[in-house]
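Dear colleague,

Please find below the structure that I am handing over to you. I would be grateful if you could look through it before reading the notes beneath it.

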Amino acid sequence: MDAVPAVVLGRGLDILAWNRMARALLGDCAAWEPQERNMARQVFLGDNARSL
């Protein structure tokens, strides 16, 4: 799935895997601390969400 952003989420909304398009949309998840790799946390506390 390279043409659309794709993210694999765990049971607690932890971000487990992502593709290149998701990285362009969300930012570089690999550069985040492990505890920051959570979709709920990013929606409410992430810098990208705030600027969006």
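The notes below describe the overall fold, one residue and a surface patch.

This is a predicted model, in which local features need pLDDT of at least 70 and side-chain atom pairs count only at pLDDT 80 or more, while totals for chains, interfaces and linings use all residues. Residues are numbered from 1 along each chain as its sequence is written, and side-chain values use heavy atoms, with hydrogens and water left out.

The chain contains three helices and two strands, arranged along the sequence as β-β-α-α-α. Here helices (H or I, at least four residues) and strands (E, at least two) are DSSP runs, numbered from the N terminus. The C-alpha trace spans about 30 × 25 × 15 Å along its principal axes. Of the 52 residues, 17% are buried (under 20% relative accessible area; exposed is over 50%, and partly exposed lies in between, with a 1.4 Å probe and protein chains only).

Met21 lies in helix α1 (residues 20–26) and is partly exposed, because its relative accessibility is 34%. Leaving aside residues up to four places away in sequence, Met21 touches Asp2, Ala3, Val4 and Pro5, a contact being heavy atoms within 4.5 Å. The C-alpha atoms of Met21 and Val7 are 9.4 Å apart, with their positions 14 residues apart along the chain counted as the separation.

Val43 belongs to helix α2 (residues 39–45).

Yours faithfully
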